[in-house]
Amino acid sequence: MATVNLSDYKPLDITNAEDFSIGIVFSEWNDFVTHNLRDAALEILEKEGVKAENVKVFSVPGAFELSYASMQLCKERKFDAVIAIGCVIRGETPHFDFVCDAVAQGIKDCNILTDTPTIFCVLTDDKKEQSIARSGGDLGNKGVEAAVTALSMINFRRNLSDKKGNIGFGHSQNQ
C-alpha cells in the first residue's frame, strides 16, 4: 500500500493542448470514488488548456464495461487518448479477481490493438478506505495521474509523428 501522495501535480507545459481530444469513460459502480477520479482528471485537463468541448465524458454501469466502452471510443478514432476510470473493491468472493483481470486485459488490448493511448485509472483496492485515500484523500487522486498520463502520451505520439515526418497530429501513416 502506498503511504505517500503520488499525485502531486506539476504543470506539464505542453503546447497545443487546446487541440487535444480526450474521451473519458467512467464506472458508476462505486461512484463515491469514480466521480472524484473523473472530476480530478477533468480539472487537470482544463488546467493544461484542453478545451472543454474537446473532452467527452461517458458513464458505464461498472468496471467490467470499461473495456468495451474504451475500445469503442478507440475505434472511433476521434480521440487522441481515452481515460478509463473505475473502482473495484475486494469482496468475499473471487469476483474481484475476475473483474480486475478482465478490465486490465481489456484496457491493455485497447493499447495494443488500436493507435489510441488508453489510460488505466481503475483502483483495485482491498478496502473502501484505500479507495477513498486514492480518490482525493491523503494519498492524492489517481484521476490527476490519469490526466497527466493521457496528456503525456498524446504529446509522445505527436513528437514521435513529428520525428518520423508523418502527416497529421497524433496519427501514424498507417491510419
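At 26% relative accessibility, D109 counts as partly exposed. That small result is our warm-up for three exercises on this predicted model.

**Exercise 1. Salt bridges around D109 and R90**

Task: Find the salt-bridge partner of D109, then work out which residues are linked in a network with R90.

Solution:

Step 1. Start from D109 and look for a side-chain nitrogen of Lys or Arg within 4 Å of a carboxyl oxygen. K108 meets this rule, with the closest N and O atoms of K108 and D109 2.9 Å apart. Like D109, which is partly exposed, K108 is partly exposed, at a relative accessible area of 36%.

Step 2. Apply the rule throughout, and the count comes to 8 salt bridges.

Step 3. Now turn to R90. One salt bridge joins R90 to D97, where the closest N and O atoms are 3.5 Å apart. Another joins R90 to D126, with a closest N and O separation of 2.8 Å. D126 sits in the loop between β4 and α4 (128-133), while R90 sits in the loop between β3 and α3, so this pair ties together parts that are 36 residues apart in sequence.

Step 4. Put the pieces together: R90, D97 and D126 are linked in a network of salt bridges.

Step 5. Check the accessibility of each member. R90 is partly exposed at 38%, D97 is partly exposed at 39%, and D126 is partly exposed at 42%.

**Exercise 2. The two sides of α3**

Task: Decide how the buried residues of α3 are arranged about its axis, and identify what covers them.

Solution:

Step 1. Get the dimensions. Helix α3 covers residues 95-113, which is 19 residues, and reaches 26 Å from its first C-alpha to its last, close to the expected 27 Å.

Step 2. Collect the residues under 20% relative accessible area. In α3 these are F96, V99, C100, V103, G106, I107 and C110.

Step 3. Look down the axis. The buried residues of α3 fall within an arc of 135°, so they line one face of the helix.

Step 4. Inspect the face turned away from that buried side: F98, I112 and L113 are the exposed residues there.

Step 5. Ask what lies over the buried residues of α3. The cover includes α2 (66-76), β3 (81-89) and β4 (118-125).

**Exercise 3. Strand β1 and its neighbours**

Task: Is β1 largely enclosed or exposed, and which strands does β1 pair with?

Solution:

Step 1. Count the buried residues. In strand β1 (residues 22-27), 6 of the 6 are buried, so the strand is largely enclosed by the rest of the structure.

Step 2. Sort the residues by direction. In a regular strand the side chains alternate between the two faces of the sheet. Here I22, I24 and F26 point one way from β1, G23, V25 and S27 point the other way, and all are buried.

Step 3. List the pairings. β1 pairs with strand β2 (residues 55-60) in the parallel sense over 6 bridges, and V55 in β2 is the bridge partner of I22. β1 also runs parallel to β3, joined by 5 bridges, with V25 standing opposite A84 in β3.

Step 4. Follow the chain connection. Together, β1, helix α1 (residues 31-47) and β2 make a right-handed β-α-β unit.

Definitions and conventions:
Residues numbered from 1 in each chain as written. Predicted model: local features only at pLDDT ≥ 70, side-chain atom pairs only at ≥ 80, totals over all residues. Heavy atoms only, no water. Helix = DSSP H or I, 4+ residues; strand = E, 2+ residues; numbered from the N terminus. Expected span 1.5 Å × (residues − 1). Buried < 20%, exposed > 50% of the residue type's maximum accessible area, 1.4 Å probe, protein only. Arc of directions from axis to C-beta. Contact = heavy atoms within 4.5 Å. Pairing = 2+ DSSP bridges. Right-handed = clockwise from strand over helix to strand, strands pointing away.
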